[in-house]
Amino acid sequence: MGMDAGTEMKSVELTEAAAKRITTILRDEPGKIALRVSVEGGGCSGFSYAFDLTDQRNDDDHAIERDGATVLIDDLSLVYMGGSVIDFVDDLIGQSFQIRNPNAVASCGCGTSFSI
């Protein structure tokens, strides 16, 4: 049927909670337009996620939008993050963004989430 699933890069999903939180943060940050998520080498499992507020969108950025919130992920990071879900968790431990990544073989507490 001409299904070329191999070439289609899996995108990343944003949960409603994450979208709400991003909108809230950006409201207090004039000039910032999106949350940038990138994958960096290092961390106890080989990779860690970096979260930054950004005021610009680059040519190689992929925008994931939901409920008025935007997350930017560059080409290279998207390769590692395809199929992931970005969530915002508010529990006893605190508030943090978490990335549920089906590609991650090993994960640990320190690199997968951060608090604000």
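**Close-up views of a predicted model**

**Figure 1. Ile-86 and the residues around it.** Leaving aside residues up to four places away in sequence, Ile-86 touches Val-12, Glu-13, Leu-14, Thr-15, Ala-18, Val-37, Val-71, Met-81, Phe-97, Gln-98 and Ile-99. The model shown here, as in every figure below, is predicted. Several of these neighbours return in the next view, where Ile-86 is listed with Val-37, Val-71, Met-81 and Phe-97 as the core members that touch the most other members.

**Figure 2. The largest nonpolar core, with 22 residues.** Val-37, Val-71, Met-81, Ile-86 and Phe-97 are the residues to pick out here, as they touch the most other members of the core. Two or more residues are given to this core by each of helix 1 (16-27), strand 2 (34-41), strand 3 (47-54), strand 5, helix 2, strand 6 (85-91) and strand 7 (94-100). Helix 1 provides the largest share, five residues.

**Figure 3. Leu-35 in strand 2.** With a relative accessibility of 3%, Leu-35 counts as buried. Its contacts, not counting residues up to four places away in sequence, are Ile-22, Phe-51, Asp-52, Leu-53, Thr-70, Val-71, Leu-72 and Phe-97. One of these partners deserves a second look: Leu-72 is 37 residues from Leu-35 along the chain, yet their C-alpha atoms are separated by 6.2 Å. Leu-72 also stands opposite Ala-63, and Leu-72 is in strand 5.

**Figure 4. The hairpin of strand 4 and strand 5.** Strand 4 (61-66) and strand 5 (69-74) have a loop between them, and the two strands pair in the antiparallel sense over six bridges. Within this pair, Ala-63 stands opposite Leu-72 of strand 5. The hairpin has two residues between its strands. In general, a regular strand has side chains that alternate between the two faces of the sheet.

**Figure 5. Asp-67 in the loop of the hairpin.** Most residues other than glycine have a negative phi. Asp-67 has a positive value instead, near 50°. The side chain of Asp-67 meets that of Arg-66 in a salt bridge, with an N to O distance of 3.5 Å. Are the two partners buried or exposed? Asp-67 counts as exposed because its relative accessibility is 53%, above the 50% cut-off. Arg-66 is partly exposed, with a relative accessible area of 31%.

**Figure 6. A buried salt bridge between Asp-61 and Arg-36.** Side chains of opposite charge can pair when their charged atoms come close. Here the closest N and O atoms of Asp-61 and Arg-36 are 2.8 Å apart. Asp-61 belongs to strand 4 and Arg-36 to strand 2, so the salt bridge ties together parts that are 25 residues apart in sequence. Both Asp-61 and Arg-36 are buried. The count for the protein comes to four salt bridges.

**Figure 7. The salt bridge of Arg-100 and Asp-87.** The closest N and O atoms of this pair are 3.1 Å apart. Arg-100 lies in strand 7 and Asp-87 in strand 6, so the pair ties together parts that are 13 residues apart in sequence. Which partner is buried, and which is partly exposed? Asp-87 is buried, with a relative accessible area of 14%, whereas Arg-100 counts as partly exposed at 45% relative accessibility.

**Figure 8. A nonpolar patch on the surface.** Phe-47, Leu-76, Val-79 and Tyr-80 form this patch, and together they have about 420 Å² of accessible area. Which element gives the largest share of the patch? Helix 2 (residues 75-81) does, with three residues. Tyr-80 is in helix 2 and counts as partly exposed at 38% relative accessibility. Helix 2 also appears in Figure 2, among the elements that give two or more residues to the core.

**Figure 9. The setting for the close-ups.** The protein has three helices and eight strands, which follow the pattern β-α-β-β-β-β-α-β-β-α-β along the sequence. Of its 116 residues, 36% are buried. Among contacts with a separation of 6 or more, 48% are between residues 24 or more positions apart. The protein exposes about 7100 Å², and carbon and sulfur atoms supply 50% of that area.

Technical notes: Residues numbered from 1 in each chain as written. Predicted model: local features only at pLDDT ≥ 70, side-chain atom pairs only at ≥ 80, totals over all residues. Heavy atoms only, no water. Helix = DSSP H or I, 4+ residues; strand = E, 2+ residues; numbered from the N terminus. Pairing = 2+ DSSP bridges. Patch = residues over 30% accessible without salt bridge, like charges linked within 9 Å, V, L, I, M, F, W, Y side chains within 5 Å. Areas by Shrake-Rupley, 256 points an atom, 1.4 Å probe, with all protein chains shown as cover. Buried < 20%, exposed > 50% of the residue type's maximum accessible area, 1.4 Å probe, protein only. Core = buried A, V, L, I, M, F, W, Y, C linked by side-chain atoms within 4.5 Å. Contact = heavy atoms within 4.5 Å.
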